[in-house]
2 protein chains.
Amino acid sequence: MNTTDGADLDREHIKRTTAELLAAVNASDADRCVAVWVADGVLMPPHHPSVHGDRAIAEYFRALFLQRRFWFTFTSSHIHLAGDTGVERVTYTATIWPEDDAAPIEDSGKGLHVYGRQPSGSWKLTHDIWNSDQPVRS
Amino acid sequence: MNTTDGADLDREHIKRTTAELLAAVNASDADRCVAVWVADGVLMPPHHPSVHGDRAIAEYFRALFLQRRFWFTFTSSHIHLAGDTGVERVTYTATIWPEDDAAPIEDSGKGLHVYGRQPSGSWKLTHDIWNSDQPVRS
């Protein structure tokens, strides 16, 4: 296997992890969300302090999914590989249902996913940060 | 020079670039801001679409500094090195003066800086994304 093939395989693994993250969030499944994270990952959500470590990340998603449902789509992905680290820049659109029977909110924005190669060959999230493109609602 | 010394030197270079970015923003100096960026960098500000490339980034900062002044402080920094790529996780506090004579706004949040090693040995920004820890103001 040459270097290009190795990089293509890494990109495929990273895309698989990104797709699993998306499916987990859209299914409101906190256990599935946290399964794509390393143990000492840092989730960096807008309008909320950073969430450190997989236990806190699982709790964060559990509490979030009790309040809201999401339908995210990643509208672009650019992956930069650097050894055992991958940096993915994404753009997203999202429909957010703030509570039962409330009108959904449409959002779009961008984010960075940082991935680390695992001993198994899979890639897991070490950092996830994003923000909205939309003006602040007043 | 052994690997540890090389990594220490890389961290020092990255910290120097971060310090220059901070000084440039606090001085409202768009030219100084853009000087720490690679030509094809992507700035990812909250509540604004991504800004692609150094010319657009310079224009963004010039327009921003006509509207607002900032005093940012980075309150923590964790640097992860991966070959010629550096990922820095920061936390910040900021005082923002929205316009002349208006009351300043206090903010705090976190961000990711992605740096690339340059042929000269310096490190420049390739991506910068951040968001506020504060609840959405209503």
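These notes cover the chain pairing, the salt bridges, one strand residue, one loop residue and helix α3 in a predicted model.

1. **How the two chains relate.** Start with the pair as a whole. Chain A superposes on chain B after a rotation of 180°, with 0.0 Å of shift along the axis and an RMSD of 0.0 Å. The two copies are thus related as by a two-fold rotation axis. Which surface does each copy use to meet the other? They meet through the same surface, because 100% of the interface residues of chain A are also interface residues in chain B.

2. **Salt bridges: the total.** How many salt bridges does a search of the whole structure find? It finds 10 over all chains. As background, side chains of opposite charge can pair when their charged atoms come close. Three of these pairs are taken up next.

3. **A:Arg62 with A:Asp31.** These two form a salt bridge, with the closest N and O atoms 3.1 Å apart. A:Arg62 sits in helix α3 (residues 54-67) of chain A and A:Asp31 in helix α2 (residues 30-34) of chain A, so the bridge ties together parts 31 residues apart in sequence. The partners differ in exposure class. A:Arg62 is partly exposed, at 41% relative accessibility. A:Asp31 is exposed, at 52%.

4. **A:Arg117 with A:Asp84.** Here the closest N and O atoms of the salt bridge are 2.7 Å apart. This pair also links distant parts of the chain, 33 residues apart. A:Arg117 belongs to strand β5 (residues 105-117) of chain A, and A:Asp84 to the loop between β3 (69-82) and β4 (85-97) of chain A. A:Arg117 is partly exposed, with a relative accessible area of 31%. A:Asp84 is partly exposed as well, at 48%.

5. **B:Arg32 with B:Glu20, and a network in chain A.** In chain B, B:Arg32 and B:Glu20 form a salt bridge, with 2.8 Å between the closest N and O atoms. The pair links helix α2 (residues 30-34) of chain B, which holds B:Arg32, to helix α1 (residues 3-26) of chain B, which holds B:Glu20; the two residues are 12 apart in sequence. B:Arg32 is partly exposed, at 33% relative accessible area. B:Glu20 is partly exposed too, at 28%. Back in chain A, salt bridges with shared partners join A:Asp10, A:Asp84 and A:Arg117 into one network.

6. **B:Thr95.** Is this residue buried or exposed? B:Thr95 is buried, because its relative accessible area is 15% and the cut-off for buried is under 20%. It lies in strand β4 (residues 85-97) of chain B. Its side chain makes a polar contact of 3.0 Å with the side chain of B:Glu106. Leaving out residues up to four places away in sequence, B:Thr95 touches B:Arg69, B:Phe70, B:Trp71, B:Pro104, B:Ile105 and B:Glu106.

7. **A:Arg68.** This residue is in the loop between α3 and β3 of chain A. A:Arg68 is partly exposed, with a relative accessible area of 36%. Beyond residues up to four places away in sequence, A:Arg68 touches A:Ile96, A:Trp97 and A:Pro98. A:Val36 is 32 residues from A:Arg68 in sequence and 21 Å from it in space, C-alpha to C-alpha.

8. **Helix α3 in chain A.** The 14 residues of α3(A) should span 20 Å at 1.5 Å a residue, and the end C-alpha atoms are 20 Å apart, which agrees. Which residues of α3(A) are buried? They are A:Ile57, A:Ala58, A:Tyr60, A:Phe61, A:Leu64 and A:Phe65. Seen down the axis of α3(A), the buried residues fall within an arc of 160°, so they line one face of the helix. An α-helix has 3.6 residues a turn, so residues three or four places apart point the same way. On the other side of α3(A), A:Arg55, A:Glu59, A:Leu66 and A:Gln67 are exposed.

9. **Helix α3 in chain B.** Helix α3 (residues 54-67) of chain B has 14 residues. From first C-alpha to last it reaches 20 Å, close to the 20 Å expected at 1.5 Å a residue. B:Ile57, B:Ala58, B:Tyr60, B:Phe61, B:Leu64 and B:Phe65 are its buried residues. They line one face of α3(B), because they fall within an arc of 160° seen down the axis. B:Arg55, B:Glu59, B:Leu66 and B:Gln67 are exposed on the other side of α3(B).

Note on methods:
Residues are numbered from 1 along each chain as its sequence is written. Chains are lettered from A and ligands numbered from 1 in the order in which they are written. This is a predicted model: local features need pLDDT of at least 70, side-chain atom pairs count only at pLDDT 80 or more; totals for chains, interfaces and linings use all residues. Side-chain values use heavy atoms; hydrogens and water are left out. Copies are superposed by least squares on the C-alpha atoms of residues with pLDDT of at least 70 in both. Contact means heavy atoms within 4.5 Å. A salt bridge is a side-chain nitrogen of Lys or Arg within 4 Å of a carboxyl oxygen of Asp or Glu. Helices (H or I, at least four residues) and strands (E, at least two) are DSSP runs, numbered from the N terminus. Buried means under 20% relative accessible area, exposed over 50%, partly exposed in between (1.4 Å probe, protein chains only). A polar contact is a pair of N or O atoms within 3.5 Å; within protein, one must be able to donate a hydrogen and the other to accept it, and residues adjacent in sequence count only if both atoms are side-chain atoms. The expected span of a helix is 1.5 Å times one less than its number of residues. The arc is that of the directions from the helix axis to the C-beta atoms.
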